[in-house]
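Here are a few short exercises to work through with the model open beside you. Try each task before reading its solution.

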Amino acid sequence: MDDLKQSLGYKYLQETKFDPKSIRQISRLEIHPTEPFKKYSDTETITLPTDWQKDSSLQDALQSRRSHRRYEDLPLSIQDLAMLLWASQGITGRAGNYFLRAAPSAGALYPIETYLAVNNVESVEAGLYHFQVAEFCLAKLGSGFLGEKVAQAALGQNFLARAGVVFMWSALLRRNFSKYGHRGLRYVLMDAGHICQNMLLAAEALNLGACPVAAFYDDELNRLLNLDGEEESVVYLASVGAKI
Ligand SMILES: Cc1cc2nc3c(=O)[nH]c(=O)nc-3n(C[C@H](O)[C@H](O)[C@H](O)COP(=O)(O)O)c2cc1C
């Protein structure tokens, strides 16, 4: 429907898509970089302690999380996959009519959908799946190893083909824009960030290797997922596999 096209968020998303043709002609903007750390030198400072209570698994996961792009050729267990899905998008509470999830969402609207390219997961046939949040189950959308195609669509980042599973998060723009209008895209992308970070920390807690990925040919991936790229478009990916 054309109403969505009035929003700045829709236009921005369309204008910033990578595709194999335009990426070759991409003209880098002449924006000068800045220093990596901001520092106020002429002010009083308070040195912070680092001897805080050091026995939580969350702290361990935060400390040791790194992006892992090399994986053992070992299957993920379905239990681990279920835990990652729960940590990223599982329902953890209820407030009136709203079902609240593990990751926060602007207005509790949850515009992000989760698709999986299952490459190597115990008792789950390789293929394309959609995570059905309310039922806590996977809907099978297609059979067969998709790893190479996903890697290809992600600018040839081949490690995606060797991961046990690739999470592919899409944004259903209307779910958010109908409330937040032009400002909506900010929130949609923040939501995706929260979801991905929850998943990455959960993967670390399970001693799995994971890597977030945002470089991809948008419409190539959308086609793979059978998304129209307008109402719903892929915004973020993450690979997960057994750590080497
Ligand atoms: C928004 C975003 C996009 C990223 N896209 C890619 C990507 O396309 N390919 C990749 O290998 N890593 C990607 N990364 C991972 C970063 O390279 C990585 O987080 C960064 O180098 C810091 O390292 P660390 O994650 O190990 O702490 C991305 C990270 C973020 C947050």
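**Exercise 1. Where is Asn119 placed, and is Asn119 buried or exposed?**

Step 1. Find the loop between strand E4 (112–118) and strand E5 (127–132): Asn119 sits there. Strands are DSSP runs of at least two residues (E) and helices of at least four (H or I), numbered from the N terminus. This is a predicted model, in which local features need pLDDT of at least 70 and side-chain atom pairs pLDDT 80 or more, while totals for chains, interfaces and linings use all residues. Residues are numbered from 1 along each chain as its sequence is written, and side-chain values use heavy atoms, without hydrogens and water.

Step 2. Asn119 has a relative accessibility of 12%, so it counts as buried (under 20% relative accessible area; exposed is over 50%, partly exposed in between; 1.4 Å probe, protein chains only).

Step 3. A polar atom of the Asn119 side chain lies 2.9 Å from the backbone oxygen of Ala163.

Step 4. Setting aside neighbours within four places in sequence, the contacts of Asn119 (heavy atoms within 4.5 Å) include Phe145, Leu146, Ala163 and Val165.

**Exercise 2. Describe the aromatic pairs, starting from how many there are.**

Step 1. Apply the rule: rings of Phe, Tyr and Trp (its six-membered ring) pair if their centres lie within 6.5 Å; planes under 30 degrees apart are stacked, over 60 edge-to-face, and the rest tilted. The count comes to four aromatic pairs.

Step 2. Phe131 and Phe136 have ring centres 5.7 Å apart and planes at 85 degrees, so this pair is edge-to-face. Phe131 is buried at 1% relative accessibility, whereas Phe136, at 41%, is partly exposed.

Step 3. Trp169 and Tyr236 make a tilted pair, with 6.1 Å between centres and 50 degrees between planes. Trp169 belongs to strand E7 (residues 165–172) and Tyr236 to strand E9 (residues 232–243), so the pair ties together parts 67 residues apart in sequence. Trp169 is buried, at 0% relative accessibility.

Step 4. Ring pairs also link Phe167 with Trp169 and Tyr236 into a cluster.

**Exercise 3. Which residues have the most contacts inside the largest nonpolar core?**

Step 1. Such a core is a set of buried Ala, Val, Leu, Ile, Met, Phe, Trp, Tyr and Cys residues joined through side-chain atoms within 4.5 Å.

Step 2. The largest has 37 residues, and Val165, Phe167, Met199 and Val240 have the most contacts inside it. Helix H8 (residues 184–205) gives the most to this core, nine residues.

Step 3. Beyond four places in sequence, Met199 touches Leu84, Ser88, Phe167, Trp169, Ala238 and Val240.

How values were computed: Polar contact = N/O pair within 3.5 Å; in protein donor to acceptor, adjacent residues only side chain to side chain.
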